[in-house]
Amino acid sequence: MRIRATTCLSLGLLLAACSTGGRLASVDENQVYAPTLDPRGESVDGLVVGHRLMAAGQYELALEAFTRAAGEHGLTPEVITSLGTANLALGRLNQSERLLRRAVEEEPTWAEAWNNLGVVLMERGQTAEASEVFRRAYALDNGESDAIRDNLRLALAKMENSDYGARQEQEYALVRLGSGSYLIRRAF
């Protein structure tokens, strides 16, 4: 009797599989699966991926992509600046400042790196040094960047207003621009 029940159950499962065209009934035809890897395919540059992730607000993932880019390209000034900018977006000011200082040391004519270093210094309350850094960035950019000019104006205004209080400090926010540089803007 036991063999008979097992045989009937097996036959029932076999017939159920045949009625679905040989597939299991639980598999949905519209279900999306991850694509397979193409071993001959080319990977996308880590810097490109990182900049796209920064634009999407995915700063932690961008930091990982920039770290991968460092493995591909080495620690070029662009990679170092990207790592510093991602750390800035994550609020890791010490790491960001260290990386951006290294970037401007290796590439002293890159205005974007100087601007981002100035933003870090402003965030850390080092307004006098930040204003000098913004001046250098503005000069290197030949005054073409509105973001750098606005950051310089804010730093100078903050230096002139010596009774700058905590209430006023909360009225400003970092705004990321498309190219990876930051602007300090009054929050309304």
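**Ala65.** I started with Ala65 and found it in helix H3, which covers residues 59-73. This is a predicted model, so I read every value here as computed. Buried or exposed at Ala65? Ala65 is buried, because its relative accessible area is 0%, and the cut-off for buried is under 20%. Next I looked up what it touches, leaving aside neighbours within four places in sequence: Ala65 is in contact with Gly46, Val49, Gly50 and Leu53. I also checked a pair further along the chain. Ala65 and Ser82 are 17 residues apart in sequence, and their C-alpha atoms are separated by 9.8 Å.

**Thr85.** Then I went to helix H4, residues 77-89, where Thr85 lies. Thr85 has a relative accessible area of 4%, so I noted it as buried. What does its side chain make a polar contact with? I found the side chain of Asn116, at 3.0 Å.

**Rings.** I looked for aromatic pairs and got 0 for the structure. I did find a charge over a ring, though: Arg136 lies over the face of Trp114, at 4.5 Å from the ring centre.

**Helix H7.** I wanted to check the length of H7, which runs over residues 127-140. At 1.5 Å a residue, its 14 residues should span 20 Å, and the end C-alpha atoms are 20 Å apart, so the two agree. Which residues of H7 are buried? My list reads Thr127, Ala130, Ser131, Val133, Phe134 and Ala137. These buried residues sit on the same side of H7, because they cover an arc of only 165° around the axis.

**Asn142.** Last, I followed the chain past the end of H7 and came to Asn142, which has a positive phi, near 55°. I flagged that value since Asn142 is a residue other than glycine. Where is Asn142 found? I placed it in the loop between H7 and helix H8, the latter being 146-160. I then looked up its accessibility: Asn142 counts as exposed because its relative accessibility is 63%, and the cut-off for exposed is over 50%.

**Recap.** For my own reference, Ala65 in H3 is buried at 0%, and Thr85 in H4 is buried at 4%. Asn142, in the loop after H7, is exposed at 63%.

Conventions:
Residues are numbered from 1 along each chain as its sequence is written. This is a predicted model: local features need pLDDT of at least 70, side-chain atom pairs count only at pLDDT 80 or more; totals for chains, interfaces and linings use all residues. Side-chain values use heavy atoms; hydrogens and water are left out. Rings of Phe, Tyr and Trp (its six-membered ring) pair if their centres lie within 6.5 Å; planes under 30 degrees apart count as stacked, over 60 as edge-to-face and the rest as tilted. A charge sits over a ring if NZ of Lys or CZ of Arg is within 6 Å of the ring centre and within 35 degrees of the ring normal. Helices (H or I, at least four residues) and strands (E, at least two) are DSSP runs, numbered from the N terminus. Buried means under 20% relative accessible area, exposed over 50%, partly exposed in between (1.4 Å probe, protein chains only). A polar contact is a pair of N or O atoms within 3.5 Å; within protein, one must be able to donate a hydrogen and the other to accept it, and residues adjacent in sequence count only if both atoms are side-chain atoms. Contact means heavy atoms within 4.5 Å. The expected span of a helix is 1.5 Å times one less than its number of residues. The arc is that of the directions from the helix axis to the C-beta atoms.
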